[in-house]
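Dear colleague,

Please find below the structure that I am passing on to you. I would be grateful if you kept it open while reading the notes that follow it.

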Amino acid sequence: MKNSAAFIRKMASLGLLAAITLLASGCQSMIVFDPKGPVGADQRDLIYFTMLLCLIILVPVLALTGWIVWRFRDKAGNDAPYQPKWEHSTKLEIIWWGIPIVVIGVLAIVTAKYTYKLDPAKPLASEVKPITVQVTSLDWKWLFQYPELGIATVNQLTIPEDTPIRFELTSDGPMNSFWVPQLGGMIYTMSGMATTLHLQADEPGSYMGTGANFTGRDFAKMQFTTKAVTRAEFDSWVKEVKASGKALTEEGYLQLAQPGTSEPLTFSSIPMGLFQRIVHGYSMSRGAPAGYNQKAKTLSDLHGEGDEGHEQPAPQPMPAVPNMNHTNGHNH
Amino acid sequence: MLDQIKDFMSWFFVTGDPLIYGADVAIGLTTVAIIFVLSYFKKWGWLWREWLTTVDHKRVGIMYIIASLLMLFRGGVDALLMRTQLAFPDMQFLNAEHYNQIFTTHGVIMILFMAMPLMFGLFNIAVPLQLGARDVAFPFLNALSFWLFFMGAMLFNMSFVIGGSADSGWLAYPPLSEMSHSPGVGQDFYIWGIQISGIGSLMTGINFIVTIIKMRAPGMTWSKVPMFTWSVLSSCITIIIAFPVLTVTLALLFLDRYLGAHFFTMDGGGNSMMYINMIWMWGHPEVYIVVLPAFGIFSEIVSTFSKKRLFGYASMVFAMMSISVMSYFTWLHHFFTMGSGANVNLFFAITTMIIAIPTGVKIFNWLFTMFRGRISFSTPMLWTIAFIPCFVVGGMTGVMLSVAPADFQFHNSYFLIAHFHQVLIGGVVFGYFAGLYYWWPKMFGFKLNEKIGKWAFWIWNIGFYVCFMPQYFLGLDGMTRRVSSYGWDKGWWELNFTSTIGGFLMGLGFIFQVWQIAHSIKFMEKDTTGDPWNGRTLEWSIPSPAPLYNFATTPVVTDRDDWWEEKERIAAGQAPKPKPALEPIHMPRNSALPFLQSICWFLVGFGLVFHWLWIAIPGLIGVFATMLAHSFNYNTDYYIPVDEIERTEAAARRAI
Amino acid sequence: MAQANNGTHGGHGHGAHGHGGHGNGDGQGHGSVKEYVIGFALSIILTIIPLMIVLNGWMKGAAAAAVLLGCAALQFAVQLLFFMHLREEKGPRYNLMTLILGIVVALTVVIGSIWIMSNNPMY
Amino acid sequence: MAHSANHLGTHAAAAHGAGHDGHDGHHDLEEMRKFGFWIFLITDVILFSALFAVYIVLHGNTAGGPGMKDIIEMPGIIAETFILLTSSFTSGLAVLMMNRGSKGGLIGWLIVTIALGACFIGLEVAEFAKLIHEGHTISTSAFFSAFFTLVGTHGLHVSLGICWITAVIFQLARHGITPVTQRKVHITSLYWHFLDAVWIFVFTIVYLMGVM
Ligand code: HEA
Ligand code: HEA
Ligand SMILES: [Cu+2]
């Protein structure tokens with residue numbers, strides 16, 4: 001009996017070891033564990049930490065379960081102690097209230113630290129001047145505007161390496177979520193408001209980007225490539241786009257916002273203040289002050305940070321207010 | 001005229017898909033078959049008297065269980081369809097619209113029309129018996145709850161062949177679920193299906209709280225209440241605090257859709273984030289509503305099959321009660337990524353993590369119930385043992401999700417899908433299966449075949465891990481939920497394919513269970529003792545199946561595991577507790593009103609789905625009429641005379 | 001019920017006979033005219049105070065809101081105590097317990113929503 | 001007589017032997033029903049709290065249209081409030097009459113109560129009708145959606161209460177004061193007081209704070 005118990009224990013620990021190696025090697029190839037930017041790297045570290053903390057409890061619990069089930073099975077000749085009336089032990093209870101409390105305490109502290117550190121609205125520390133990208137999720141495509149550069153793209157995102165990118169995000173349709181796993185975690189895009197997300201790519205490469213919150217029929221096609229390139233390449237790319245001569249107009253935008261999928265596109269210029277108008281088209285009805293050129297407030301403005309380096313050409317008043325509400329085929 | 005009819009039919013009925021025609025044919029044939037069988041065997045009267053109008057908690061429980069197993073099948077078929085579509089990249093098996101409908105109905109059916117009713121079925125079967133009571137506090141209301149669930153489920157399921165199903169996810173986030181983006185009737189079927197059955201759930205919650213607080217057998221102080229009953233109490237407390245919010249949320253969504261209100265619309269001042277906020281105030285507690293009774297079942301089974309008292313009774317009760325209250329304070333963890341700022345995220349991250357503490361305590365208490373016990377591996381116990389590792393791993397990944405800044409990388413990915421299937425299947429489904437196997441003899445008077453049951457068990461378990469473990473990695477590799485297909489370039493197909501195999505293995509496990517039931521009915525292994533597992537609580541002190549009135553004389557409780565202690569005393573040569581003389585037993589009369597009223601509710605829902613007030617208004621009038629009829633009926637109960645009780649008891653004893 | 005209820009108290013004072021004495025059980029102790037009149041008067045007063053505050057502009061902003069909500073809460077208490085006889089519950093006070101749970105949850109729903117939504121401004 | 005004592009689930013008899021007064025079983029059952037109803041009221045509290053949360057969050061979202069300040073007409077609201085407060089009082093008096101065994105008094109006060117309730121509903125309907133006439137409907141803006149829904153849900157509760165008390169009056173007329181009808185009166189009066197309490201919050205949060 002003793003022998004077989006030992007054998008089981010050995011097998012169990014071997015199995016666990018195998019599982020952990022598999023886990024570790026498996027994880028290496030997962031893109032969340034292969035970050036290419038500071039935010040993603042922090043998140044990976046945090047995930048590793050929580051995983052470790054959980055494993056510290058998980059492994060003994062699994063081992064204990066296996067051992068108990070084996071040791072106390074009902075079999076003739078099992079010499080393990082049998083105490084049918086034993087139902088309480090203050091000492092034991094203190095242990096298993098205590099240990100989880102301590103573990104959760106540690107986890108809570110670490111979480112607190114990272115929650116503030118990785119607040120998506122918080123600008124990244126960097127020498128380099130950030131670039132703003134205004135993201136709009138449409139049915140079923142992504143529009144990226146570069147307000148400082150005056151260009152826009154659809155379903156493809158090109159960014160310079162080592163440069164903090166300040167994403168301002170909204171939606172002109174159902175709520176979506178902007179996610180480039182290798183750069184860092186996601187944030188929702190919602191109509192009538194702008195959220196903020198700061199990310200940065202540390203090295204050139206092509207990274208998968210996707211919508212992560214379901215928006216209907218062609219949601220699966222809302223994927224885009226994030227191309228991180230060197231500064232020089234980026235500058236020449238911008239020039240190229242500007243030279244291409246295909247402008248995004250107001251009507252062009254309304255066209256684009258119609259339900260449907262899209263190939264990657266580039267636009268050499270964008271209507272002034274389009275992003276703000278997209279936000280304001282809906283936020284107005286929620287009590288936002290009148291005037292379509294009102295700058296969209298982002299979350300970081302509200303939290304009192306992050307306006308630095310965010311210069312924007314003051315949008316000029318335009319004569320006609322395009323009614324954004326017509327872009328999605330409202331019924332009433 | 002003919003053209004009009006044709007147009008109407010092609011709009012009214014879902015068309016254009018072989019799958020749907022298949023379903024149409026299947027539904028038609030089944031209906032005809034049922035009608036034929038009932039007529040041929042002259043069973044209509046039996047059906048009406050014994051089932052449709054019954055208020056007996058045991059029968060209501062059985063109806064719940066049958067309905068929910070059918071729903072498990074429907075939800076499972078949905079799952080397998082999804083898994084087939086995802087098995088390979090660029091699959092053409094289901095188109096996007098169809099896929100979206102299927103994951104929506106899968107989620108809704110599994111949680112609201114499978115887990116909830118299966119849970120209520122087990123409540124009904126076990127709680128009054130564990131309490132030593134004759135029925136629940138409000139038998140009429142109990143029947144009404146069941147029929148409301150049933151009609152709600154029918155309404156929801158109907159959308160598959162009539163009008164089209166909802167397709168905006170199991171929680172129907174607006175603005176996607178608004179008229180602007182989902183103009184079809186599917187979303188209204190969703191709203192009314194859930195709303196009608198939700199009213200039933202709320203009433204069940206109230207019913208069982210009152211039953212447990214007010215109807216415990218004499219002597220059953222709070223420290224002697226069986227653990228399953230405790231878990232039902234905690235689950236029902238969570239029901240009554242969570243379901244009202246669901247009622248409101250869905251009602252508002254309906255007002256948006258029907259009257260053009262602007263609660264959650266994009267324009268007109270609506271704010272869809274408010275919906276997300278509110279639906280999770282219900283949605284999060286909901287998952288604990290379904291898992292707490294599973295915890296109770298495990299507690300009963302672990303102690304029965306370890307032949308040992310449950311370890312840490314007081315701790316267990318405290319843990320459950322704190323889970324049920326704490327569950328109300330964590331809802332934001334489902335939308336950490338909405339950008340509510342660090343303070344809010346942190347608060348809800350910590351409240352979420354705290355739940356791990358009482359849950360862990362329960363795990364350890366179960367382990368130490370087995371410790372120094374004698375474990376026998378009958379099917380209920382197998383499911384219980386399998387639950388522990390599965391739930392612990394799933395819980396741990398839950399804790400990983402609760403770390404707000406890390407959740408930015410997990411949210412809405414397959415990591416999340418894997419997490420919740422692991423707790424929902426490993427916790428809820430395993431738990432209810434365990435309960436089903438455990439109380440089956442009490443329900444029907446015969447045991448289920450153990451051998452086939454063990455096959456089913458192993459296949460389910462292997463299938464589970466094969467299906468859902470790869471999904472963690474898929475999530476970490478960037479695969480998001482609710483995608484109807486993916487490209488070859490993503491490198492996801494091997495894991496997806498594996499996962500699909502696992503899904504089908506679970507399906508095979510389910511087939512084994514069906515076979516097991518069929519086999520056991522055929523080669524009936526009668527339970528003549530009323531106590532096949534050497535049980536510990538009062539339900540095992542009476543014959544199987546329990547007589548109509550449950551207990552011929554009300555038991556007087558003196559100990560925690562009262563029936564076990566009684567058996568110990570008898571074994572030690574002491575006299576059993578004296579039984580008082582028989583008296584006539586007061587019973588509630590059957591009533592057709594719950595059934596009729598639910599049909600009226602169905603009409604209300606159906607009418608409002610199609611905006612046909614000429615159906616909805618008569619339905620509503622019917623609802624009020626049946627309510628009044630009940631209110632004015634003062635002839636609601638009767639007495640079972642002593643000689644009839646004597647006859648029944650003698651027959652049961654003869655069986656032994 | 002007597003026994004079941006007394007469970008936690010191990011069968012205190014009244015068995016079934018304790019309150020079986022009066023057929024309806026609720027006649028006694030369920031308020032007197034005086035009690036109802038006091039309750040009514042209090043509720044009138046507690047309605048008039050906020051009304052005056054608002055109509056005469058005696059207070060502004062947060063202070064006014066606090067007083068208004070305070071008066072509403074007191075009114076609620078008056079209804080509970082004078083009209084709904086919450087005080088008279090005997091044995092384990094399940095009614096009170098469920099009420100407290102309900103209030104905690106209701107406050108969570110309202111305050112939680114306000115807190116979360118105010119962190120998600122729409123413009 | 002032992003029969004009713006051995007009532008489903010009420011174990012007084014089993015514990016104390018037979019020979020009880022026939023009412024006792026009923027008494028326990030009626031107590032249980034009152035407790036069940038109390039829990040239902042708690043769920044209603046939560047239901048209203050959700051509606052309040054929606055109103056508070058959305059009340060500023062007027063889509064450029066009028067807000068509470070622009071539409072409020074205090075006199076009607078004040079009248080509604082005092083009418084409802086009084087009806088809560090009269091429904092209490094009805095219970096008092098019942099406890100004294102006065103069927104006539106009981107029915108009389110109940111009729112007064114529902115009459116006051118009907119006045120309340122009448123005023124509310126008039127208020128709504130006026131708003132709708134002016135073009136402010138539930139689909140005007142989020143503010144109006146929330147306003148009509150919150151106030152309307154309360155109104156719907158009151159209307160149901162009126163129907164229900166009416167039904168109880170008929171039963172009282174037929175059966176007199178029995179444990180069953182007594183329980184029904186108790187429950188309806190509990191319900192009525194509860195609606196009064198909810199109204200106080202509607203009055204304070206929607207109307208008073210709306211004009212502030
Ligand atoms: C029965 C159902 C059930 C259960 C029990 C749980 C339990 C838990 N869940 Fe899960 N969850 C779901 C069903 C469930 N969940 C569903 C359906 C969703 C997704 C819905 C959707 O979006 O469609 C979801 C989503 C979900 C999210 C949202 C993720 C996202 O959308 O991004 C989060 C985040 O915090 C979370 C956390 C947790 C935690 C912390 C627990 C804890 O309760 C787990 C506690 C248990 C343990 C931790 C294991 C045992 C403990 C020990 C051995 C003690 C020691 C341990 C430690 C100290 C760590 N869950
Ligand atoms: C208790 C709840 C519960 C249960 C038990 C299950 C069970 C299963 N679930 Fe589900 N699931 C959810 C709750 C549940 N799920 C929820 C809430 C969602 C989210 C929905 C949303 O996003 O809105 C979800 C989503 C979901 C997805 C993600 C879809 C997506 O986002 O795109 C997947 C994918 O693999 C999946 C798979 C499965 C599988 C394989 C099973 C298996 O366990 C099923 C086992 C199979 C059976 C029991 C059926 C047996 C049938 C046969 C043997 C007949 C075979 C015949 C034919 C094929 C014709 N589920
Ligand atoms: Cu949750």
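The notes below take the chains and the metal sites in turn.

Please bear in mind from the start that this is a predicted model.

Chain B

I begin with chain B, whose secondary structure consists of 21 helices and 4 strands. Its radius of gyration is 25 Å, close to the 26 Å that the globule rule gives for 656 residues, so chain B is as compact as a globular protein of that length. Taken along the principal axes, the box that its C-alpha atoms fill is roughly 75 × 60 × 45 Å.

Of the 656 residues in chain B, 70% are buried. Among the contacts in chain B with a separation of 6 or more, 82% are made by residues 24 or more positions apart. The accessible surface of chain B is about 20400 Å², and carbon and sulfur atoms account for 72% of that area. Chain B also carries 38 positive and 38 negative charges, and the mean positions of these two sets are 11 Å apart.

The metal sites

Which residues coordinate the copper ion (ligand 3)? They are His284(B), through ND1, together with His333(B) and His334(B), each through NE2, at 1.8 to 2.1 Å. The spacing of these donor residues in sequence is H-x48-H-H. Within this site, the pair His284(B) and His334(B) links distant parts of the chain, as the two residues are 50 residues apart. His284(B) lies in helix α9 (residues 272-305) of chain B, whereas His334(B) lies in the loop between α10 (313-326) and α11 (342-354) of chain B.

Is His284(B) buried or exposed? Its relative accessibility is 3%, and buried means under 20%, so His284(B) counts as buried.

The second metal to look at is the iron atom of ligand 1. Its only protein donor is His419(B), which binds through NE2 at 2.2 Å. You will find His419(B) in helix α15 (residues 414-444) of chain B. The iron atom of ligand 1 and the copper ion (ligand 3) are separated by 4.5 Å.

Chain A

In chain A, there are 7 helices and 11 strands. Buried residues account for 52% of the 332 residues of this chain. How much of the contact total in chain A, at a separation of 6 or more, comes from residues 24 or more positions apart? The share is 70%. Chain A exposes about 14100 Å², with 63% of this area supplied by carbon and sulfur atoms.

Chain D

Chain D has 8 helices and 0 strands. Along its sequence, the pattern therefore reads α-α-α-α-α-α-α-α, with helices numbered from the N terminus. Of the 212 residues in chain D, 66% are buried. Residues 24 or more positions apart provide 77% of the contacts in chain D with a separation of 6 or more. Its accessible surface is about 6500 Å², and 68% of this belongs to carbon and sulfur atoms.

When you turn to the structure itself, I would suggest starting at the metal sites. Please locate His284(B), His333(B) and His334(B) around the copper ion (ligand 3), and then His419(B) at the iron atom of ligand 1. The chains may then be read in the order used above.

Yours sincerely,
A colleague

Terms used:
Residues numbered from 1 in each chain as written. Chains lettered and ligands numbered in written order. Predicted model: local features only at pLDDT ≥ 70, side-chain atom pairs only at ≥ 80, totals over all residues. Heavy atoms only, no water. Rg over C-alpha atoms; globule rule 2.2 N^0.38 Å. Buried < 20%, exposed > 50% of the residue type's maximum accessible area, 1.4 Å probe, protein only. Contact = heavy atoms within 4.5 Å. Areas by Shrake-Rupley, 256 points an atom, 1.4 Å probe, with all protein chains shown as cover. Lys, Arg positive; Asp, Glu negative; His and termini not counted. Charge placed at Lys NZ, Arg CZ, Asp CG, Glu CD. Donors = N, O, S within 2.8 Å, 3.2 Å for Na, K, Ca; no water.
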